[in-house]
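Good morning, colleagues. I should like to take a few minutes to go through one structure with you, from its overall make-up to its interior and its open spaces.

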Amino acid sequence: MRSIVTDYLADALFRVEPDTSGQTAQYIPELAGANPESLAAVVATIDGEVYGSGDSDVEFTIQSISKPFVYALALADRGFDAVLDKVGVEPSGEAFNEVSLEHDTGRPLNPMINAGALTVQSLIGSWNSEPEDRGERVRQGLSAFAGRELTIDERVYSSEMETAHRNLAIAHMLRSRDVLTEDPRKVVAGYVRQCAVVVTTRDLAMMAATLANRGVNPLTNEQVVSGEIVRHVLSVMFTCGMYDAAGDWATQVGIPAKSGVGGGLIGALPGQVGIATFSPRLDEHGHSVRGVSLFERFSSDMGLHVMEIPSAASSVVRSNRVHDGERGPTRVLRLQGGIRFAGAERIVRDIEESGIDEARVVFDVALVFSLDAVALRLILEGSRRLIDEGREVYFVDPDGILARADVGDAVIVEELEDAVG
Ligand code: DON
């Protein structure tokens with residue numbers, strides 16, 4: 001059978017193809033000459049399935065899409081305090097290349113605009129690492145996110161260096177405020193090299209899927225950066241990734257995203273998919289025109305907005321009944337789905353409010369596929385209180401969803417019959 005998702009992507013490309021508005025990046029000669037007709041879309045799931053359509057294996061340079069990934073590497077290399085001390089996390093509402101710093105501290109407002117990305121580039125590796133070492137760390141780090149060895153396009157690098165006046169101006173300003181403490185020209189060179197890393201739309205989707213998968217590359221299974229770093233980076237992408245269009249993007253598309261003037265655009269949907277598009281004609285913000293249209297379409301067609309309200313927490317209690325077995329009446333709560341705070345609150349409220357009379361209570365978690373730490377704590381506390389009141393408590397857990405949790409005096413069994421007799 002032909003893939004339904006691939007057919008959907010092909011149809012989406014067909015619909016945006018007629019839009020030839022915008023222009024390739026004119027300020028970087030090598031990018032100005034890119035084929036404006038290229039068009040691709042790729043969706044990568046967090047278990048490593050990749051669906052692509054169009055020019056998904058055509059190579060281009062990553063440009064600003066490198067920023068969130070290099071930021072993640074700097075956080076891993078230097079830690080949160082050292083990086084946040086130098087670069088803020090506030091949306092600037094300004095263009096990516098605005099020459100702007102916080103008035104009092106001189107800090108760039110966030111790591112997605114160039115001022116922040118230049119500073120982040122200087123924070124790669126150990127505190128005294130040489131620019132060459134940082135370059136290799138960035139290339140290797142981006143490769144780990146992509147799950148394959150990436151290279152640098154030396155022509156695009158040299159071409160951008162010829163016209164990097166604005167980035168040089170920003171870097172000199174950062175140096176004047178001691179945010180940068182080294183030769184600003186070397187920092188610009190490192191940043192321009194990171195922007196010249198060559199990727200395909202497929203690579204970008206995999207990099208986004210690595211973010212969506214808490215930092216674990218779905219193909220190689222390598223933990224590239226920690227889950228804590230990914231949460232932070234995705235938050236900054238959501239609020240700052242689309243620069244002065246971030247608010248429109250957050251409301252209309254609702255996916256943490258990052259664009260690049262090479263024509264790439266990525267979105268990472270936590271726990272679901274990484275998406276990437278490629279089309280080199282840009283709008284006034286420096287975002288791919290057809291890429292933005294594709295993401296708007298994907299978000300509404302596939303219900304991908306992160307603020308979409310999930311099903312009600314009450315749905316985690318599939319049933320709450322009294323079972324009359326050989327051992328007498330037993331209260332059986334059959335739970336289901338993914339349980340987080342609100343779901344667990346609903347479960348313990350059901351116990352508190354239903355005034356359980358039975359001497360035995362069973363939590364059947366056979367249909368539960370995930371239970372986060374706070375949900376587990378709440379349910380175990382409910383169990384402990386039932387036991388304190390003199391009841392027997394059982395967990396039906398055939399798949400070991402409770403893992404190694406300390407269930408105290410409760411009993412874990414494989415089947416409901418084992419608990420109710
Ligand atoms: O710094 C620059 O101007 C480019 N190397 C990257 C800018 C970029 O991709 C902005 N994003 N849309």
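**Overall make-up, cores and pocket**

The protein chain contains 16 helices and 12 strands. Please bear in mind throughout that this is a predicted model. Along the principal axes, the C-alpha atoms occupy a box of roughly 85 × 50 × 35 Å. Of the 421 residues in the chain, 52% are buried. Among contacts with a separation of 6 or more, 69% are between residues 24 or more positions apart.

Let me turn to the interior. The largest nonpolar core has 47 residues, and those touching the most other members are Phe 145, Leu 204 and Met 207. At least two residues of this core come from each of β1 (40-45), α3 (66-78), α6 (131-146), α10, α11, β6 (264-269) and β7 (273-278). Take Leu 204 as an example. Which residues is Leu 204 in contact with, once neighbours within four places in sequence are left aside? They are Phe 60, Ile 62, Ile 65, Val 199, Gly 264, Ile 266 and Ala 276. There is also a second, separate core, made up of 28 residues, with Ala 25, Ala 117, Ile 170 and Val 261 among them.

I come now to the open spaces. The volume of the largest pocket is about 1400 Å³. It is lined by 41 residues, of which Arg 214, Pro 270, Gly 271, Pro 310 and Arg 340 are the closest to its centre. Two or more lining residues are given by each of α10 (201-212), α11 (227-240), β9 (328-339), α14 (341-353) and β10 (360-371). The element giving the most is α11, with seven residues. By class, the lining of this pocket comprises 22 nonpolar, 13 polar and six charged residues.

Where does the largest pocket lie with respect to domain 1 and domain 2? Domain 1 (4-302) and domain 2 (317-420) both contribute residues to its lining, so the pocket lies between them.

Finally, the enclosed space. The count of cavities of 30 Å³ or more is one, and the largest cavity has a volume of about 40 Å³. Its lining consists of Gln 121, Gly 135, Val 138, Arg 139, Ile 152, Gly 190, Arg 193, Gln 194 and Val 197. The elements giving two or more residues to this lining are α6 and α9 (184-195). By class, three of the cavity's lining residues are nonpolar, four are polar and two are charged.

Thank you for your attention.

Key: Residues numbered from 1 in each chain as written. Predicted model: local features only at pLDDT ≥ 70, side-chain atom pairs only at ≥ 80, totals over all residues. Heavy atoms only, no water. 1 Å grid on protein atoms, 1.4 Å probe; cavity = no way out; pocket = protein on both sides within 12 Å on 5 of 7 lines; lining within 4 Å. Points joined across faces, edges and corners; volume = space filled by probe spheres on them. Helix = DSSP H or I, 4+ residues; strand = E, 2+ residues; numbered from the N terminus. Nonpolar A, V, L, I, M, F, W, Y, C, P; charged D, E, K, R; others polar. Domains from an automatic or database assignment. Core = buried A, V, L, I, M, F, W, Y, C linked by side-chain atoms within 4.5 Å. Buried < 20%, exposed > 50% of the residue type's maximum accessible area, 1.4 Å probe, protein only. Contact = heavy atoms within 4.5 Å.
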